[in-house]
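Let's take a walk through this model together, one region at a time. Have the viewer open and follow along.

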Amino acid sequence: MNMLQIKDLIAGYEMEEKWVAAVDHVSLNIKKDDFIGLAGESGCGKSTLAFSIMGLLKKPGRIKSGSILFRGEELTKMSDEKLRNIRWRDISMVFQSAMNSLNPIMRIGDQIVDSIRAHKIVSMEEAHERAEELLKLVNISPDRVNGYPHQLSGGMKQRVMMAMALSLNPSLIIMDEPTTALDVVVQRMIIEEIEEIREKLGFSILFITHDLSLLVEISKRIAIMYAGEIVEIANSQELYLNPLHPYTQGLMNSFPTLVGPLRRSNGIPGRPPDLSQPIEGCRFYDRCAKKMNICKIRHPVLNSVGNNHKVACWIHSGDEDE
Ligand SMILES: Nc1ncnc2c1ncn2[C@@H]1O[C@H](COP(=O)(O)OP(=O)(O)OP(=O)(O)O)[C@@H](O)[C@H]1O
Ligand SMILES: [Mg+2]
C-alpha cells in the first residue's frame with residue numbers, strides 16, 4: 001500500500017503578477033520501506049515538492065491544487081494543529097544545508113534533547129538517553145553529547161542532523177541534499193549508513209539530490225524532475241540501464257567516471273526554462289538533442305513503457321494524451 005500518495009500537485013510561488021510553477025502536476029507514490037531518489041538540476045522544484053509534503057511551504061509559496069495523502073489522510077487540507085502532529089513524528093526532514101543550522105554555542109546532546117522535547121512529552125532523563133541512543137545509531141560515540149558543533153567534522157554534523165530527523169521514529173524521512181557539502185568519500189559512506197539504518201528500522205526515504213550517480217546504486221527507485229515536472233521514473237537499475245528521457249540520458253552522461261582517465265563531464269547544453277512563463281510543448285525542447293516537431297507544440301505526459309518505468313517524452317509515447 002502507498003504510505004504517501006501525491007496526486008497532480010501544483011505548487012509554486014506567487015510573485016508580482018506571475019506564478020512560478022515550481023511543482024507542476026506532480027504525482028508520486030511512496031510505499032512503506034521505499035527508498036526513492038529525486039534528482040534534477042538546480043531550480044527544478046525538488047525542495048518545493050519536499051516543503052509541500054511537510055506543509056512548510058511559506059509565502060509567497062503555496063500549494064495551488066492537487067492532493068497529498070499520508071496513510072489515506074489529506075495533508076493539503078489538514079489543520080495546522082493536526083499537521084504539527086504528523087510533521088517530525090511521522091514525516092521528518094533533513095533540510096538542504098542543514099548541518100550549518102546547528103547552534104554553535106549549544107552542546108550536541110542538548111540540541112537533540114530539545115528537538116525531541118519540542119514534539120514529544122518525555123522527561124529530561126529519557127530524552128538524554130534517547131539522544132545517546134540516536135548518536136550511537138548514526139555511528140557517533142555517545143560521549144559526544146557534551147561536545148559542541150565546531151568539534152565535529154562535516155560528516156559528523158550531518159549524522160547529528162540525521163539523528164534529529166530519526167528521533168521520533170518517523171515512517172518517512174525526506175532528505176534534501178543531505179550530503180552535498182561533504183567530500184565524495186564521506187558522502188558515500190554516509191549514504192551507505194543511512195541505508196543500513198533504514199533497513200534496520202524500516203522507514204521510507206525520499207532522497208533529494210542533483211547528483212544522479214549517487215542515487216543509482218543506493219535508492220530503489222528514481223524519479224527525475226525537470227522544470228517542475230517528473231519526466232521519468234523507474235527502478236534504479238532499470239533507469240541506469242535503460243534511461244529513456246533525453247534529459248535523463250544527459251544527466252547520465254554527466255557522471256564522473258570512476259575508472260579510467262579523468263574527463264570533463266559533458267553536462268547538458270543550455271539552461272532550464274523560466275518557470276514563470278507558460279510553455280506549450282515539452283519543457284526540455286530547447287535543450288533536447290532528439291527533438292521532433294510535435295515536441296514544440298504538444299506537451300508530453302508521463303506514459304508507462306512497462307517494467308514499472310514511466311517517461312514523459314514523445315519518442316516513447318503513443319500519441320494519445322492520458
Ligand atoms: N521563496 C521563493 N520565492 C520565489 N521563488 C522561489 C522561492 N523558492 C524557490 N523559488 C523558485 O522555484 C523554483 C524551484 O525551486 P526549488 O528550490 O524547489 O528547486 P530545487 O530543485 O530544490 O533547486 P536546488 O537544487 O538548487 O536546491 C526555482 O525557479 C526557484 O527560483
Ligand atoms: Mg533544493
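Two strands count as paired here if DSSP finds at least two bridges between them. Keep in mind that this is a predicted model. With that rule in hand, start at strand β1 (residues 2–15), which is joined to β2 by nine bridges, the two running antiparallel. You can find Met15 standing opposite Lys18 of β2.

Now widen the view to the sheet around this pair. Strands of a sheet pair through backbone hydrogen bonds, either parallel or antiparallel. In this model, four strands make up an open sheet with antiparallel pairing, and their order is β2-β1-β4-β5. The edges are taken by β2 (18–31) and β5 (73–74), each of which has a single partner strand, so one side of each has no neighbour in the sheet. Across β1, β2 and β4 (61–70) lies helix α1, at about 115° to β1.

Helix α1 also leads us to the metal. The magnesium ion (ligand 2) has as its protein donors Ser47, through OG, and Gln96, through OE1, at 2.0 to 2.3 Å. These two donors bring together distant parts of the chain: Ser47 belongs to helix α1 (residues 46–54), while Gln96 sits in the loop between β6 and α3, 49 residues apart. Gln96 is partly exposed, at a relative accessible area of 41%.

Next, turn to helix α5 (residues 154–166). Its 13 residues reach 19 Å from the first C-alpha to the last, close to the 18 Å expected at 1.5 Å a residue. The helix is mostly covered, with eleven of the 13 residues buried; among them are Gly155, Met156, Gln158 and Arg159. What does the cover of these buried residues include? It includes β6 (91–94), α3 (108–117) and α4 (124–137), along with β7 (172–176) and α6 (184–201).

Finally, the cysteines. A disulfide is a covalent bond between the sulfur atoms of two cysteines. The cut-off used here asks for a pair of cysteine sulfur atoms within 2.5 Å, and by this rule the count is zero disulfides. Why does Cys44 form none? Its closest cysteine sulfur, in Cys282, is 14 Å away, too far for a bond. Cys44 is itself buried, at 3% relative accessibility. For Cys313, the closest cysteine sulfur belongs to Cys288 at 6.3 Å, which is also too far for a bond. Cys313 counts as buried, with a relative accessible area of 8%.

Definitions and conventions. Residues numbered from 1 in each chain as written. Chains lettered and ligands numbered in written order. Predicted model: local features only at pLDDT ≥ 70, side-chain atom pairs only at ≥ 80, totals over all residues. Heavy atoms only, no water. Expected span 1.5 Å × (residues − 1). Buried < 20%, exposed > 50% of the residue type's maximum accessible area, 1.4 Å probe, protein only. Contact = heavy atoms within 4.5 Å. Donors = N, O, S within 2.8 Å, 3.2 Å for Na, K, Ca; no water. Axes fitted to C-alpha atoms, helices over the stretch in contact; angles between N-to-C directions.
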